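Reader: I am new to structures of this kind, and I would like to learn how to read one step by step. Could we look at it together and begin with a pair of helices?

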Amino acid sequence: MDDHTDAREEGVRARADLVTALVLVALGLAVIYLSWTMPRLEARRIHPSTIPGLVPLFLGVGLTLLGGLLAWRSSRIEAPGGWRDLVGVLRTREALRVGVLLALALVHTLVLVGLIPFWAAAMLFIFAFIMVFETWLNEGPADPVKSLVWALAIAVAGGGGIYLVFERIFLVRLP
Amino acid sequence: MEGLILLGQGIAHFLTPTSLFNVIWATLLGVTIGILPGLTATMGVALLVTLTYKMAPDQAILTLMCVYLGAIYGGSRTAILLNIPGTPANAAATLDGHPLARQGRAGLAMGLATTSSTLGTIVGIFFLAIIAPLLSEAALKFGSYEFFWLALFGVVISGQMTGSDTPLKGYIAGILGLLVAMIGMETLHAYQRFTFGIPALGGGIDLIPAMVGAFGLAEILSAMKRKAIAHVVPVNDRVVPRLKEIFQYWRTIIRSGVIGTFIGIIPGVGEDVGSWTSYAAAKRASKRPEEFGKGSQEGLIAAETGDNAVVSAAMIPTLTLAMPGSAAAAVLIAAMLIHGIRPGPMLMVENPAFLYQVVAMLLLATLANLVFGLSLTKLFIKVLAVPRERLMAVIYILCVVGSFAITQRMFDVYVMLVFGVVGFLLREMKYPMAPLVLGIVLGDLLDLNLRRGLALTNGDPSPFFTRPISAVICIIIVITILMSIPAVSKRVRSLFSRTRADGSPARG
């Protein structure tokens, strides 16, 4: 059973590596293009070996080569069903947990911060986070009433505490 | 002699009520961060920079150092009682620490881990006090050529040694870090690279928000990916170890301390590598290697001495060359710069007392670990019971505050978000984070010194290869890269094992 899971994970990793490697090659090529077309500041009469694009050009070439090598290596690993399993990873409960967490974080940081006071945004985020992960996405038995009490307590203590400690005691400005 | 006087002054400098108060709370916080799985030393230090930045410089660095050392030490508790490393540095400690705990000797295991952590730190401190002044003097003679190679060496060796899957991913992470450093105004001609017309990118990507993302948000995502179900082993025996229990392994302690020191000096190669390397060396040299992995006290001591020695030794390149010896040391460099302390070869000229103050900080921090570690067992076990769901929500808010507070721009918070998501994806794909961080820190040094060197010689690259120190570093880099190619390293290894088989027998 373990061997089977390991082989499957390796197949997923190989295919995921291939995708990343291709992204890296594309990034490398983009960097090469941008460095090549970067102004060479001829008007300022700088030495041609000190142009701003020199090091980025080397890095772009390096990234393209290493990305290519990784792509070649991972494409040679045989992984029957690797692509299907890779797509399957996106539909797991783990992916859902990560996705929900990111969504909460983005709503807090991109929408709420700036719209309402920081301490209020912090309290809302902490409350929602704890409620979501202790009830809806809880793997074990859930106790909604207990979670609600805890979520409220930690949201008030955490959000308020951070505000007091940073803004009042350490005189650090908050968003 | 002068060094000893400065050291004495360094220690005396911190024997004030304020300093001792800072040592106490920062160590307790550090140990707590270490104990909580999913919170690492680097994350702790990165988040704490915000809190310390209105403090006096020496107190701020003292606080951060206590958090760093406390977290690396605290992680061993989790390794022993839960079989989960509290920080990546304590992974090797799970192998023997947890079996010991299951045999009903959890107290002994915690006692051994605590004392060997302290001894490891002290070995590292010893070498820090000796090597750093010498290296700093040597580094004064380094020119652009040497600094270019050193920066490249840092990224290459870190990529080679931390790439858990393959060195290839380590190198790629290093290049990505260097590319991040290319964003913004370059220092030679003041040209703005890769800013795409966004004014906020003109100043480049700041290290602190990037680190808070890559080590804060990314770790929250990793930790929350699945629910951790863990069982704490009860502690029923004595925690304070007998001297004999420790010192019968004095060889292991010294060996692991020296290995940890060596690993610490190598830029960007951190505590986890130090711990694994000294564990492997202890197993090879042990009279009872069969006990390793089944509750060997020697194995636990080796692992915990090794990682703590790295922390002290990581300060050697950090202070003398401004090249971070570990990921957390990179944050320390950023913190020092915020407080107007410039690490690098000139530190010993401009501010020689600071090096010895760092030695004193490490000494105080490790003593605090020892005292708290042996006395507050019950309290620390309670920390293990804090549910992640409740903790991580608050940590995320701290990530937002930590990335915002230094320059007070929402842009830095967005940087944190991007690095958090990309860092999480890279971690999931087994890319190491250390070379990435090192690339961000060393990118400017590498770029500036390469082009400045070329400008000095009117484009002639030969001094990069003909100056003696340059040539040596260059050869080391070439060998490192060649050794990471499987075919080459296999052939070289077989060459050595053949000579050993023909000639002297292997030790052991």
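Author: Let us begin with the handedness of a crossing, bearing in mind that this is a predicted model. In chain A, helix α5(A) passes α6(A) in a right-handed crossing.

Reader: At what angle do the axes of α5(A) and α6(A) cross, and within what distance do they come?

Author: The axes of α5(A) and α6(A) cross at roughly 150° and come within 8 Å. Because angles over 145 degrees count as roughly antiparallel, α5(A) is roughly antiparallel to α6(A). In the contact of these two helices, the residues comprise 18 nonpolar, 5 polar and 1 charged.

Reader: Now I would like to try chain B; how do α3(B) and α13(B) cross, left-handed or right-handed?

Author: The crossing of α3(B), residues 41-52, and α13(B), residues 327-338, is left-handed. Their axes come within 8 Å and cross at roughly 15°, which makes α3(B) roughly parallel to α13(B). On the side of α3(B), the residues that take part are B:Ala41, B:Thr42, B:Val45, B:Ala46 and B:Val49, and they meet B:Ala327, B:Ala328, B:Val331, B:Leu332 and B:Ala335 in α13(B). Sorted by class, the residues of this contact are 9 nonpolar and 1 polar, with no charged residue.

Reader: What is the angle between α2(B) and α15(B), and how far apart are their axes?

Author: Helix α2 of chain B, residues 17-35, packs against helix α15 of chain B, residues 352-375, at an angle of about 65°, and the axes are 10 Å apart. Here α2(B) passes α15(B) in a right-handed crossing. The contact is formed by B:Val23, B:Ile24, B:Thr27, B:Leu28 and B:Val31 from α2(B), together with B:Leu364, B:Ala365, B:Ala368, B:Asn369 and B:Phe372 from α15(B). Of the residues in this contact, 8 are nonpolar and 2 are polar, while no charged residue is found.

Reader: Let us turn to the two chains together: how many residues of chain A are in contact with chain B?

Author: The size of an interface is often given as the accessible area lost when the parts come together, but here we can read it through residue contacts. In this model, 53 residues of chain A are in contact with 46 residues of chain B. The elements of chain A that give two or more residues to this side are α1 (2-36), α2 (54-76), α4 (93-112), α5 (118-136) and α6 (144-169), and the largest share, 10 residues, comes from α2(A). The side of chain A that touches chain B has 37 nonpolar, 9 polar and 7 charged residues.

Reader: Into which domains is chain A divided?

Author: Chain A is divided into domain 1, covering 2-89, and domain 2, covering 93-169. The C-alpha centres of these two domains of chain A lie 37 Å apart.

Reader: Where in each chain is the mean pLDDT of an element lowest, and where is it highest?

Author: Where pLDDT is low, the predicted coordinates should not be read in detail. Among the elements of chain A, helix α3(A), residues 82-89, has the lowest mean pLDDT at 85, and α2(A) has the highest at 95. In chain B, the lowest mean among the elements, 73, belongs to helix α22(B), residues 486-502, and the highest, 96, to α2(B). Over residues 501-508 of chain B, pLDDT stays under 50, and the model has 3 contacts beyond four places in sequence for this stretch.

Reader: And what are the scores for the chains and for the model?

Author: Chain A has a mean pLDDT of 89, with 98% of its residues reaching 70 or more, and chain B averages 91, with 97% of the residues scoring at least 70. The model scores ipTM 0.93 and pTM 0.91.

How values were computed. Residues are numbered from 1 along each chain as its sequence is written. Chains are lettered from A and ligands numbered from 1 in the order in which they are written. This is a predicted model: local features need pLDDT of at least 70, side-chain atom pairs count only at pLDDT 80 or more; totals for chains, interfaces and linings use all residues. Two residues are in contact if their C-beta atoms, placed from the backbone, lie within 7 Å. Helices (H or I, at least four residues) and strands (E, at least two) are DSSP runs, numbered from the N terminus. Ala, Val, Leu, Ile, Met, Phe, Trp, Tyr, Cys and Pro count as nonpolar, Asp, Glu, Lys and Arg as charged, and the others, Gly among them, as polar. Axes are lines fitted to C-alpha atoms, for helices over the stretch in contact, and angles run from 0 to 180 degrees between N-to-C directions. Angles under 35 degrees count as roughly parallel, over 145 as roughly antiparallel, 65 to 115 as roughly perpendicular and the rest as oblique. A crossing is left-handed if the near helix is turned anticlockwise from the far one by less than a right angle, and right-handed if clockwise. pLDDT is the predictor's confidence in each residue, from 0 to 100. Domain bounds come from an automatic or database domain assignment.
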